[in-house]
Amino acid sequence: MIPRDLSADQPVLIAGPTASGKSALALEIAETQGGVIVNADALQVFENWRVLSARPSEEDEARAPHALYGHVPYDAQYSVGHWLRGVTPYLNGPMRPIIVGGTGLYFSALTEGLVDIPATPPEIRAEADARRLAEDGHAGLLAELDAEDPVTAQKIDRANPMRVQRAWEVLRTTGRGIAAWQAETPPPILPLGSTYPIVLDADRDWLGARIARRFEDMVHGGALAEAEANLPNWNPAHPSSKAIGAPELMAYLHGTCDLEAAIEAATISTRQFAKRQRTWFRARMKAYHKISLP
C-alpha cells in the first residue's frame, strides 16, 4: 500500500479512523524505507492502555523505532500542546518521522500552527469535569457556549463532549473564546507542503465489521485484564479514562452489566467515534493523499 511517489527522506503523515490499518501502513513504510514511527493518537500516549488503545505490540515496536507511545502516566493531563512539544525533536532528528494516528487536532496543530492558550487551573478543570459527567452536562456546557461564545460554539465539534468542555474551560480561564485565541495562531512547525500526507478513507460497513472483530479480539487478548489492573485507580475524569471501551469494561467489572452487553456498547461507541473521525478528516484533510479502503 506504500504510494509509489513517496520519497524515502520525506516526512510522512498518516491519518485515518480507528481500526483502518494506519499502524500497519506506518510499519510497512518504516521497514521498507526507514524512519521513526511517531504516535499521533491522544489515547495511545497513556501507559495503562496498550491493548485497549490498540498501541503497537512489543513485537511491532521491535521491528522499527517508535516514539511517544505509552509514555504518559495514567492520571496525568495531556494536551495537544504537550504532544506538539514532544513531537518537535523528531522533526529534525537523524531519521525521517512517520507520524501516524487518529487525532485530527494533532495533525492540524502540527501543520497549521497552535496558539499558546494558558493552562486550565485545577479548580476550573474539576468544575468542568463534574458538570460534563452530570446528567445533561454536555448539553448544559454547550448551551453556555452558544450564549457566551457563539463563534467558538459553531466552529468546534459540537457532538464531542471533550471539545465542548475544552472550549468552556478556555472561556472560563481566559475570558476569551478559543476562536479568538486561534486568530493569533503562529506559523506551523511542519508545513503540510513539506510532508507526504496520507488519509485512509474507509468504507463505513467495512470499517464497522473490523471494529466489531477487533474489540472482541481485544477483550480476549488482554483488554479485560488491563481494565482489571486499572480498577483500583479508576477515575472517569482522568484523560486516560476516555479510552474507547474503558467505561464499558469498567461497568462490567462493577457488576452493572454483563460482558456481552459491555462489548456491544463499546463496539457502538467505537463506531460512533470512527464516524466523527471520518467526518473530521473529510472536512479538514482535503489536501491529503487519499487511500480508499478496502
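**Close-ups of Thr173 and its setting**

**View 1. Thr173 sits partly exposed, at a relative accessible area of 24%.** That puts Thr173 in the in-between class, because buried would need under 20% and exposed over 50%. Keep in mind that this is a predicted model. The residue belongs to helix α8, which runs over residues 161–174.

**View 2. Who does Thr173 touch?** Leaving aside residues up to four places away in sequence, Thr173 touches Ala119, Thr120, Pro121 and Ile124. Inside the sequence neighbourhood there's a polar pairing to look at: a polar atom of the Thr173 side chain lies 2.8 Å from the backbone oxygen of Glu169.

**View 3. Thr173 and His71, shown together.** These two are 102 residues apart in sequence. In space, their C-alpha atoms are 28 Å apart.

**View 4. Zooming back out to the fold around Thr173.** The protein has 12 helices and 6 strands. Its radius of gyration is 19 Å, close to the 19 Å the globule rule gives for 294 residues, so the protein is as compact as a globular protein of that length. The C-alpha trace spans about 50 × 50 × 35 Å along its principal axes. Of the contacts with a separation of 6 or more, 76% come from residues 24 or more positions apart.

**View 5. Surface and charge.** Buried residues account for 47% of the 294 in the protein. About 13,900 Å² is exposed, and carbon and sulfur atoms supply 53% of that area. As for charge, there are 29 positive and 36 negative ones, and their mean positions lie 6 Å apart.

Note on methods
Residues are numbered from 1 along each chain as its sequence is written. This is a predicted model: local features need pLDDT of at least 70, side-chain atom pairs count only at pLDDT 80 or more; totals for chains, interfaces and linings use all residues. Side-chain values use heavy atoms; hydrogens and water are left out. Helices (H or I, at least four residues) and strands (E, at least two) are DSSP runs, numbered from the N terminus. The radius of gyration is taken over C-alpha atoms; the globule rule is 2.2 Å times the number of residues to the power 0.38. Buried means under 20% relative accessible area, exposed over 50%, partly exposed in between (1.4 Å probe, protein chains only). Contact means heavy atoms within 4.5 Å. Accessible areas come from the Shrake-Rupley method with a 1.4 Å probe; for residues, only the protein chains shown count as cover. Lys and Arg count as positive and Asp and Glu as negative; His and the chain ends are not counted. The place of a charge is taken as NZ of Lys, CZ of Arg, CG of Asp or CD of Glu. A polar contact is a pair of N or O atoms within 3.5 Å; within protein, one must be able to donate a hydrogen and the other to accept it, and residues adjacent in sequence count only if both atoms are side-chain atoms.
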